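The following exercises are intended to be worked with the sequence and the three-dimensional structure at hand. Each task is followed by a solution that proceeds step by step.

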Amino acid sequence: MTTAQELRDKKQTYWDDVAVGHQFPPLVIGPMTPTHLFRWSAAIENWHRIHYDQSFAIYHEGLPNILGQGSWKQSILPRYLKDLCLPDGWPWKVTFQHRAMIVPGDTITVWATVTKKYEEEGLGFLDLDVGMRLQYDAESCPGRATIVLPIRGGKPIPYPFVPPKKLVS
């Protein structure tokens, strides 16, 4: 995982330096432990037993083990995109589906590949395929995202980000 200092020291990735097909460095998380999964449940006060009570999850609900929460997965992809864009880019939008369960012992690889590159109103946009792949190659959260990276020598990306009118539907 990236440390806070590494994020503070991160060199900007520019739109100019990325091409369609570019694969961003992955984020690898895990292997997941019951303690890690429980900490998220406690932090958001979700006390559904499938997230911390192994006997209940397996014998009452018929699950393979306790489960990582969907809300945890929903926090990881945006965080990954934000980290890719730092310090001056912006993760604009992301959508994904929950397709595979995360259980203790799983290792998750968060990834992004550029599928489209375009400029609009002097800003550099990248459309991405994104996901969270499990160690046995199951795609837990396939999706798509759009990020905005600065164009070398171009105008700064506004904060907060306001998309060009042409791109807002």
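**Exercise 1. Lys 116 and its surroundings**

In which strand is Lys 116 found? Determine also its exposure and its contacts, bearing in mind that the model is predicted.

Solution.
- Step 1. Lys 116 belongs to strand E3, which covers residues 108-120.
- Step 2. The relative accessibility of Lys 116 is 44%, so this residue counts as partly exposed; that class lies between the limits of 20% and 50%.
- Step 3. With neighbours within four places in sequence left aside, Lys 116 is in contact with Val 20, Phe 125, Leu 126 and Asp 127.
- Step 4. Lys 116 and Asp 106 are ten residues apart along the chain, and their C-alpha atoms are separated by 31 Å.

**Exercise 2. The chain as a whole**

Describe the order of the secondary structure elements and the overall properties of the chain.

Solution.
- Step 1. The chain contains four helices and five strands.
- Step 2. Read from the N terminus, these elements follow the order α-β-α-α-α-β-β-β-β.
- Step 3. The C-alpha trace spans about 60 × 35 × 30 Å along its principal axes.
- Step 4. Of the 169 residues in the chain, 42% are buried.
- Step 5. Among contacts with a separation of 6 or more, 70% join residues 24 or more positions apart.
- Step 6. The chain exposes about 9400 Å², and 54% of this area is supplied by carbon and sulfur atoms.
- Step 7. There are 18 positive and 17 negative side chains; the centres of the two sets lie 3 Å apart.

**Exercise 3. Two acidic residues**

Are Asp 83 and Glu 120 buried or exposed? State what each residue touches.

Solution.
- Step 1. Asp 83 is located in helix H4, which comprises residues 70-85.
- Step 2. A residue is classed as buried under 20% relative accessible area. The relative accessibility of Asp 83 is 12%, so Asp 83 is buried.
- Step 3. Beyond residues up to four places away in sequence, Asp 83 touches Leu 7 and Lys 10. Leu 7 is 76 residues from Asp 83 along the chain, yet their C-alpha atoms are separated by 7.2 Å.
- Step 4. The side chain of Asp 83 also makes a polar contact of 2.5 Å with the side chain of Lys 82.
- Step 5. Glu 120 lies in strand E3. Its relative accessibility is 15%, and therefore Glu 120 also counts as buried.
- Step 6. Apart from neighbours within four places in sequence, Glu 120 is in contact with Phe 125, Pro 164, Lys 166 and Leu 167.

**Exercise 4. Aromatic pairs**

How many aromatic pairs does the structure hold? Explain why the pair of Trp 92 and Phe 125 is classed as edge-to-face.

Solution.
- Step 1. The structure holds eight aromatic pairs.
- Step 2. In the pair of Trp 92 and Phe 125, the ring centres are 5.8 Å apart and the planes stand at 65°. Angles over 60 degrees count as edge-to-face, and the pair is therefore assigned to that class.
- Step 3. Trp 92 is in strand E2 (residues 90-96) and Phe 125 in strand E4 (residues 123-134), so the pair ties together parts that are 33 residues apart in sequence.
- Step 4. Phe 125 has a relative accessible area of 0% and is therefore buried.
- Step 5. Ring pairs join Trp 92 and Phe 125 with Trp 90, Tyr 118, Tyr 159 and Phe 161 in a cluster.

**Exercise 5. Backbone geometry**

Locate two cis peptide bonds and two non-glycine residues with positive phi.

Solution.
- Step 1. The peptide bond from Gly 30 to Pro 31 is cis, with omega near 5°. Pro 31 occupies the loop between strand E1 (27-29) and helix H2 (34-44).
- Step 2. A cis peptide bond also runs from Tyr 159 to Pro 160, with omega near -5°. Pro 160 is in the segment after strand E5 (143-149).
- Step 3. Glu 45 has a positive phi of about 55°. Glu 45 lies in the loop between H2 and helix H3 (54-60), and its relative accessible area of 61% makes it exposed.
- Step 4. For Glu 121, phi is near 50°. Glu 121 is in the loop between E3 and E4 and, at 47% relative accessibility, counts as partly exposed.

How values were computed: Residues numbered from 1 in each chain as written. Predicted model: local features only at pLDDT ≥ 70, side-chain atom pairs only at ≥ 80, totals over all residues. Heavy atoms only, no water. Helix = DSSP H or I, 4+ residues; strand = E, 2+ residues; numbered from the N terminus. Buried < 20%, exposed > 50% of the residue type's maximum accessible area, 1.4 Å probe, protein only. Contact = heavy atoms within 4.5 Å. Areas by Shrake-Rupley, 256 points an atom, 1.4 Å probe, with all protein chains shown as cover. Lys, Arg positive; Asp, Glu negative; His and termini not counted. Charge placed at Lys NZ, Arg CZ, Asp CG, Glu CD. Polar contact = N/O pair within 3.5 Å; in protein donor to acceptor, adjacent residues only side chain to side chain. Phe/Tyr/Trp six-rings, centres within 6.5 Å; stacked < 30°, edge-to-face > 60°.
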